[in-house]
Amino acid sequence: QTSTIKQQRNNPIPPNFPLFLSLSPSLSSLFILIYFCCSVQIVRRRRRSLELVGNMAIDEGGLARRLWFKFREDSVFSLYTPFFVGLASATLHSETTFRHFISQDLHFLKAFVLAYELAEDCADDEDDKNGLRDLRKSAVGRLQMHDTFVREWGFEFPNEDISKDIATTKYTDFLLATASGKIEGERSVLDKIATPFEKTKVAAYTLAALAPCMRLYAFISTEIQGIINPDQDSTHIYKSWIENYSSQVFEEIALQNEDMLDKLSVSLTGEELEIIEKLYHQAMKLQVDFIAAQPISDQQSVVPLSRVHDFSKRHLMILCDFDLACTAFDSAAILAEIAIITAPKADMDGSGQTQLARMPSADLRSTWDVLSTQYTEQFEQCVESIVASERVEEFDYERLCSVLEQLAEFERKANERVVQSGVLKGLNVEDIKRAGQSLILQDGCRSFFQKIVKNENLKTDVHVLSYCWCNDLIVSAFSSGDLNVLNVHSNELVYQESVTTGEIVKKMESPMEKLQVFNDVLIDCRSEGNKHLTVYIGGSVGDLLCLLEADIGIVVGSSSSLRRLGDHFGVSFVPLFSGLVKRQRELADQDCASNWWKPLSGVLYTVSSWAEIQAFILGT
């Protein structure tokens, strides 16, 4: 972490850097650092998105690809629906739920055929017309294949028209209105067309309403295909559906739609491209709504967690780490940077009464660099010494606790070096709070907590447990959006007249001390006569024991040290969606869901985004 900090600090300022004109020069420099943090995190998220798309091999070059990446997290909410978790686990009722889904697919395909035909009429270029004609023929072909699928599954549909459900109607009406030039919030586009060339924009708008549907189904089916064991699942009841939509043939259809959208959008104005983006996102949301609306009848499901369990009789305890779980950047570096940036201001304040003696800014930076390097090197050495021992074959919690004592002693010595160095001396509490308020949390983190605390159907307690040296920084980071109800447990800086003395009130310095706070929170909950289900969200070695002690431990981020240590002592790291599919299979053999989640199972669930956490716990 600290090596990354040093690399970021040496990066040149980008030419499009935002100006913080309302801030003092010293604090502007601080917010520059925060900007860099967020920029680096965006790059990391994009890299993770590319990895997750897997075999689809999408780049970010064209408009359609960029829109997919921008709104891709919406697709997570489709993947985590009871429908697709049930389909992936082969437990979905075929005679009711899947039959209904297939019947509605017929209406989608008919709307696709008509939309392509209308788009072809609007296209000005002959090549574009041919491309759209090919897409229409492809949709006609899939419409004809629909009967084959229906017969394969043994379904019979009545000869008369199959009625549309509300979610199907919303999308097909939206698609055909778009293809007719009627855009919500805009005047009829066709009414404003002056030349045949301008009609091309209607074709582009139509492809914006079509492309995300193809990409969404290609993504979902590929994700499901990736977790199916060919040996064990050769008789998977929905194997043919999964293979059809994850096939190279369907991938080519999705790419053809995206390429056509790119081509038709080349000559559009900025305002028209904004309409394209709006339509693409609207189409994605309507598709997610359609999938979420699929009737599951009385079939039990493992998702979403908030609806599976009866939280009128128990509390949902959400406990979470802060640094690099909620944030894009480690708080230690933020605090050090405040000290470094504000040092000249403190030196120029001649009062001498409220300001503590401080070393020059250059010396502070040099000292912090030494501390950072020393911490990184010694931490890595500590981890290496642990994993050098013999690896265990089965999960061994007691042995893991024993070796983590080595890390506890290391963390205590590291904190003592920070105190003795004086780098945290002279920070103004208001500067710390402003920095906290300006921290940009990981995408989806703030939204998740806002939805959790505002959900009136849940009895929820939210606690943040952190090694962070400054409670005020964390509280300030969550001060907006009605998140002041979060309970924060961390170390604290000592103040003298609103200025830090450099001392730390050490409350949490090791995995064991963090676990003690975790257990104290649960004891308080039980003392009030409350039953609870605990979810712990973390991403660092310090979270390992809490993750394992929770009913559900969710690992966010990509800490190699956490995974190496966990793996060495028999901890299994399972992608959350894959784990839920397995749970759904197990549910078919159980009578109730009350005993699914148990602490100390040795299994932790991994996610790449907060959208996955929200989709799992809250659903759409």
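This is a short tour of a few strands and helices to select in your viewer.

Keep in mind that the model is predicted, with local features needing pLDDT of at least 70 and side-chain atom pairs counting only at pLDDT 80 or more, while totals for chains, interfaces and linings use all residues. Residues are numbered from 1 along each chain as its sequence is written, and side-chain values use heavy atoms, leaving out hydrogens and water. Helices (H or I, at least four residues) and strands (E, at least two) are DSSP runs, numbered from the N terminus.

**Stop one: strand S7**

Select residues 531–538. That's S7, and 7 of its 8 residues are buried (under 20% relative accessible area, with exposed being over 50% and partly exposed in between, using a 1.4 Å probe and protein chains only). Now add residues 314–320, strand S1: S1 and S7 run parallel, joined by 7 bridges. Two strands count as paired if DSSP finds at least two bridges between them. Pick out Ile 318 and you'll find its bridge partner in S7, Val 535.

Next, show residues 552–556. This is strand S8, which pairs with S7 in the parallel sense over 4 bridges. Ile 537 stands opposite Ile 554 in S8. To follow the chain from S7 to S8, go through helix H20 (residues 544–549); this β-α-β crossover is right-handed (with the strands pointing away from you, the path from the first strand over the helix to the second runs clockwise).

**Stop two: a helix pair**

Select H5 (residues 94–122) and H6 (residues 126–152). Their axes are 9 Å apart and make an angle of about 165° (axes are lines fitted to C-alpha atoms, for helices over the stretch in contact, and angles run from 0 to 180 degrees between N-to-C directions). H5 and H6 are therefore roughly antiparallel, a label for angles over 145 degrees. Show side chains at the contact (heavy atoms within 4.5 Å): the residues include Leu 106, Leu 109 and Phe 112 of H5, and Leu 132, Leu 135 and Leu 143 of H6.

**Stop three: a three-stranded sheet**

Which strands sit at the edges of the open sheet? The order of its 3 strands is S2-S6-S5, with antiparallel pairing, and the edge strands are S2 (425–428) and S5 (492–496), each pairing on one side only. Neighbouring strands here are turned by 55° against each other on average, direction ignored. S5 pairs with S6 (residues 499–505) over 4 bridges, and Gln 496 has Val 499 in S6 as its bridge partner.

Last, add helix H16 (residues 429–438), which packs on the sheet and touches S2, S5 and S6. The direction of H16 makes about 60° with that of S2.

Methods. Parallel < 35°, antiparallel > 145°, perpendicular 65-115°, else oblique.
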